[in-house]
Amino acid sequence: MKNKIPVIPYVNLANQWETEQQELLPVITDVMSKGHYVGGEQVTEFESTAANRFGVSDCVALNCGTDALVCALIGLGIGRGDEVITPPNSFIASTAAIVHIGAVPIFADVLEDQSIDPDLVEAAITEKTKAIMPVHLTGRMAKMVPLKEIAKKYNLAMVEDAAQSIGSTYNGELSGTIGDVGCFSAHPLKNLNACGDAGFILTNNTKIADRVRSLRNHGLVNRDIVEQFGYVSRMDTLQAAILSYRIRSLDKVIEKRRQNAAIYQKILNREFIYFPAQNPEYFDTFHTFVIQVNRRDELKSYLKSCGVQTAIHYPIPIHLQPASKSLGNGPGDFPITEKQCKRILTLPVNQSLSPAQVTHVANKVNEFFEN
Amino acid sequence: MSVRYSYLEQQFSGADDLWVQLKEFVATGDFTLGAPLKEFEQGFAALMDCKHAIGVNSGTDALKLAMKVQGIGVGDEVITAANTFVATVGAIVELGAKPVFVDCDDTFCMNADLVEAAITEKTKAIMPVHFTGYMANMPKINIIAERHGIIVVEDACQSILGEINGRKAGTWGSAGCFSLHPLKNLNVWSDGGVIVTSDDFIAHQLRLQRNHGLEDRDTVVVMGCNSRLDTFQAVVGNWLLPQTENIANKRIENAAYYDEHLGPISEIIIPPRPEGYKIVYHLYIVFADDRDGLLAYCQSQGIEAKIHYPVPIYRQPALDYLGNKEGDFPVTDAHTKKIITFPCDQHLSKDQMDFVIETVKEYFE
């Protein structure tokens, strides 16, 4: 009989629970025994912890990262007919948030490192443009210095989709604290993760924060008065308590992921494999470690046969999704994104992996191309 | 003696078996659209005698998505009750549709006899609200809807297991919407909602909508949103499902006890209890003379009596643009001055109910 190949997991939430359960279980029990499951001090505690941690005046806890984007756009007064510039290579939620509020997503193609191209952003601006929504994909930030200049020059709002980049910096500035509003997800697969859907915004604009606080709770300003119609997008009390606990170890999670990434960066053969260079102005947090290669699908199958789980983020660009038909884009409109869709592969980089496991994966990738 | 409104501490204080299940669940890491959610959806559909149940993030989202997948949008009119909770109307407005109100009757649900007059060319749906655990007159409303070719989406958030002539709330329209909020009769530990339907197409569209429009991991067929019922909460839901009938029955029993002892007080009027209706008493409401005085007295005696709701939705600042004004819905207006809600939940003791009854008597003596 053949030996079973050990699996190198892409995600390992069971391991996370194992390491935390002694401390986390009492946190959960405490919330539950108080019988307060919506709102409450755990939510405000998470909000003030996060606001302090990231150096902003306000954090508003919400049901998910998608809702964070929707609420940020509404909070900024963006609505029907307004144009918002965003990249076509993100997760669908970035674009869907724009569509939801009746605004029009305008795509700008990306650079080699998958971040939105500031020159193309500037070229996409029209009279109707109201905002730029850069996406800090993979835990690496978009070129915020030129993007900020463009936003200022054309008087545009800036909503950062920081769902994948909590704790990342560029030129010393933290993701999600540079634009008018930063939008975060705390989905179970994120670096700061709840045990269910959760999200939040960061902002230094208290007016926007107050508006979003009302929006997330039916538009109620007190128990009985509705000033504007809102939604139900409250972060669960339970998830807030879990996040307050986990935010304390966020630096450790990031450090471990950066160590794993550094192993890849050291070993992977750049002759065959592209990944963004580690310039000193970037502090990447590696929500994902994405490489770009020829023969991607073959490599993926090969790694699978070696027990290595990989993923593709994302194989179909947003502008080519069936849901985007009405936006009027077609194949060839965003050539860099389309090319990358065929070349990108996400290697496991999660904090449960040992250096030996990551080294093993890196060697297997090299082997595939070198042999 | 104190009579608290929220009973959540009591409800979950002895739930050791639930804790074991939650601990096992958390170790699986199956947090998003996981196996316990599928189990909950099947169990809920069975409970409701329906083909499909779809778990979403809240009762509000249940209402919004149920209308959205049936094509309700900008410019359409949706008829609903003038006295409902804000969420019903918020869901209609969010889709760009216009809420058109009809007044309620003394069952706190829309007066079915007023519905037809509110129908225009633009009416696309009726959204009856089974308020407080009552049910709207669904036999009549369904006949009207059919005659005019418009759909019925039920806001059954407050009336899980309510019935008319044996047919359950949420199963009369094309879709029925429920809330699992902590204060509801079937309550999880956070916001939560469920939609039931026996229509395969609607069910499929709802599953797409709640999960970013993803048909599979990589293909987005419609622009959806993120409105999933947390799988963690589905574990709580699975634990509660077998208790749901008992919860309803205990509330019905408590309400009957109140009715019997509050009814004879001349300053109190018990709302009608129509034949064939199973009322599940999410809220136990009676009409009282000198309501504000009674409310203040009860509260001073440690009874958490409440008003649902003091400012009717049609007069909220958020709806100023519709031009409704005080007096447009006289029954709703009259209710706001007379209604009072007493705790009626399944964890209330007979002593507590007796104390409520004695306190009310005392006030009027």
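This is a short talk on the cores, one helix pair, the chain contact and one loop residue of the structure above.

Before we look at any detail, please keep in mind that the model is predicted.

Let me begin with the interior. The largest nonpolar core holds 201 residues, and those that touch the most other members are Leu73(A), Val159(A), Ile201(A) and Ile195(B). The element that gives the most to this core is helix H3 of chain A, residues 65-75, which provides seven residues. Apart from this core there lies another, made of 24 residues, including Ala261(A), Leu268(A), Leu303(A) and Val365(A). As background for those of you who are new to this, nonpolar side chains tend to be buried together in soluble globular proteins.

If you would like one residue to follow on the screen, take Val159(A), which, when residues up to four places away in sequence are not counted, touches Leu69(A), Ala72(A), Leu73(A) and Leu76(A), among others. Also among the residues that Val159(A) touches are Ala131(A), Met133(A), Asp180(A) and Cys183(A).

Next, the contact between the chains. Here 42 residues of chain A are in contact with 45 residues of chain B. On the side of chain A that touches chain B, at least two residues each come from helix H1 (13-34), H3, helix H4 (92-100) and helix H8 (237-246), and the largest share, five residues, is supplied by H4(A). Sorted by character, the residues on this side of chain A are 25 nonpolar, 11 polar and six charged.

Let us now turn to a pair of helices in chain B. The axes of helix H2 (residues 16-28) and helix H9 (residues 231-240) of chain B come within 10 Å and cross at roughly 150 degrees. Because angles over 145 degrees count as roughly antiparallel, H2(B) and H9(B) are roughly antiparallel to each other, and H2(B) passes H9(B) in a right-handed crossing. From H2(B), the contact is made by Leu18(B), Gln21(B), Leu22(B) and Phe25(B), and from H9(B) by Phe232(B), Val235(B), Val236(B) and Trp239(B). Of the residues in this contact, seven are nonpolar, one is polar and none is charged.

Finally, a single residue in a loop. Leu348(B) sits between strand S13 (339-342) and helix H13 (350-364) of chain B. Is Leu348(B) buried or exposed? It has 22 C-beta neighbours inside 10 Å, and therefore counts as buried, since the cut-off is 20 or more. The C-alpha atoms of Leu348(B) and Arg251(B) are separated by 9.1 Å, although these residues are 97 residues apart along the chain.

Note on methods
Residues are numbered from 1 along each chain as its sequence is written. Chains are lettered from A and ligands numbered from 1 in the order in which they are written. This is a predicted model: local features need pLDDT of at least 70, side-chain atom pairs count only at pLDDT 80 or more; totals for chains, interfaces and linings use all residues. A nonpolar core is a set of buried Ala, Val, Leu, Ile, Met, Phe, Trp, Tyr and Cys residues joined through C-beta atoms within 7 Å. A residue is buried if 20 or more other C-beta atoms lie within 10 Å of its own, exposed if 12 or fewer, and partly exposed in between; C-beta atoms are placed from the backbone. Helices (H or I, at least four residues) and strands (E, at least two) are DSSP runs, numbered from the N terminus. Two residues are in contact if their C-beta atoms, placed from the backbone, lie within 7 Å. Axes are lines fitted to C-alpha atoms, for helices over the stretch in contact, and angles run from 0 to 180 degrees between N-to-C directions. Angles under 35 degrees count as roughly parallel, over 145 as roughly antiparallel, 65 to 115 as roughly perpendicular and the rest as oblique. A crossing is left-handed if the near helix is turned anticlockwise from the far one by less than a right angle, and right-handed if clockwise. Ala, Val, Leu, Ile, Met, Phe, Trp, Tyr, Cys and Pro count as nonpolar, Asp, Glu, Lys and Arg as charged, and the others, Gly among them, as polar.
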